[in-house]
Amino acid sequence: MSLAQRVLTIRRDPHSGEVLAHGGDPEAHSILQRSGFVPVVRYHETYHRLPTGLDQDEEIRLATRAVSRLQAVGYDVTADTAFATEQHEPHYLTLGAQVAHLAVRIREAETTDEVAATLTELTATHDGILPALAEVLNATADFVRDLGGPSDPYTAGGLRNLSEEQLRLIAFDLGSVRNKLADRQAAHPHRAPCPQEVSADEREKSASCPCPAPVRPAVLPPAPAGRRR
């Protein structure tokens, strides 16, 4: 990662009056979005702005919070005086990061049943991640549908299509993979633990195991209870 990606500016645009954030990497963009900013994707650049219709006090509050959160994880932030702060707001493991940790478990897995158990967290009928995502989509559809705007019913219909068609297909296919792995009960040929010894029928008793020491990715700590964001 280049140093330039660790640098951001958060300023009020002198022409439009909007509070804009420029720079940063995907992690910084995620922090901006969690602080209330909206991504703006242009042909040559991507930046972030605060939502329209906020009063000045709310703009200052959100921009200052973003500066505090970015500084807490080591970003170099240049901000207008109104947004500058010495505070570093603690940064907690997000729900998205916890879900992404499932990929770490799969990359470490040595058997099919380990992967099947991890995929169950996604596909479990009652409380899996994918059924929960369907609930989120449906709840959002219900909210948008009743806002009263002319395009709101179409937006709500699109969300329901995501839930009932596309997400259902993903859940079905991934569930099928999970079930096949559960039935397979096999060790991965390239991840089976090495016995670090020579077999009993080996004629050359001086032979040693050639397997390299396994390299494990770092394990993320669990999120503090009650502090998810």
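**Entry 1: helix α2.** I looked up R61 and E58 in this predicted model. Both residues lie in helix α2, which covers residues 56-72. They are 3 residues apart, about one turn of the helix. I then checked their side chains and found a salt bridge between R61 and E58, with the closest N and O atoms 2.8 Å apart. For exposure I noted that R61 has 42% relative accessibility and counts as partly exposed. E58 is partly exposed as well, with a relative accessible area of 25%.

**Entry 2: helix α5.** Next I looked at D142 and R145, which both belong to helix α5 (residues 129-145). Here too the spacing is 3 residues, about one turn of the helix. The two side chains meet in a salt bridge, 3.6 Å from N to O. I recorded a relative accessible area of 31% for D142, so I entered D142 as partly exposed. R145, at 41% relative accessibility, also counts as partly exposed. I followed the partners further and found that shared salt bridges join D142, R145, D146 and R160 into one network.

**Entry 3: strand β1 and the loop after β5.** I turned to R11, which forms a salt bridge with D80. The closest N and O atoms of R11 and D80 are 3.2 Å apart. Which parts of the chain does the pair R11 and D80 tie together? I placed R11 in strand β1 (residues 7-12) and D80 in the loop between β5 (76-79) and α3 (95-108), so the pair ties together parts that are 69 residues apart in sequence. Is D80 buried or exposed? I entered D80 as buried because its relative accessible area is 19%, and the cut-off for buried is under 20%. R11 counts as partly exposed, at 39% relative accessibility.

**Entry 4: salt-bridge count.** How many salt bridges are there by this rule? I noted a count of 9 salt bridges. Among them are R61 with E58, D142 with R145 and R11 with D80.

**Entry 5: S176.** Last, I looked up S176 and found it in helix α6, residues 152-184. S176 has 23% relative accessibility, so I listed S176 as partly exposed. I also checked S176 against T123, which is 53 residues away in sequence. From C-alpha to C-alpha, S176 and T123 are 9.6 Å apart in space.

Methods. Residues are numbered from 1 along each chain as its sequence is written. This is a predicted model: local features need pLDDT of at least 70, side-chain atom pairs count only at pLDDT 80 or more; totals for chains, interfaces and linings use all residues. Side-chain values use heavy atoms; hydrogens and water are left out. Helices (H or I, at least four residues) and strands (E, at least two) are DSSP runs, numbered from the N terminus. Buried means under 20% relative accessible area, exposed over 50%, partly exposed in between (1.4 Å probe, protein chains only). A salt bridge is a side-chain nitrogen of Lys or Arg within 4 Å of a carboxyl oxygen of Asp or Glu.
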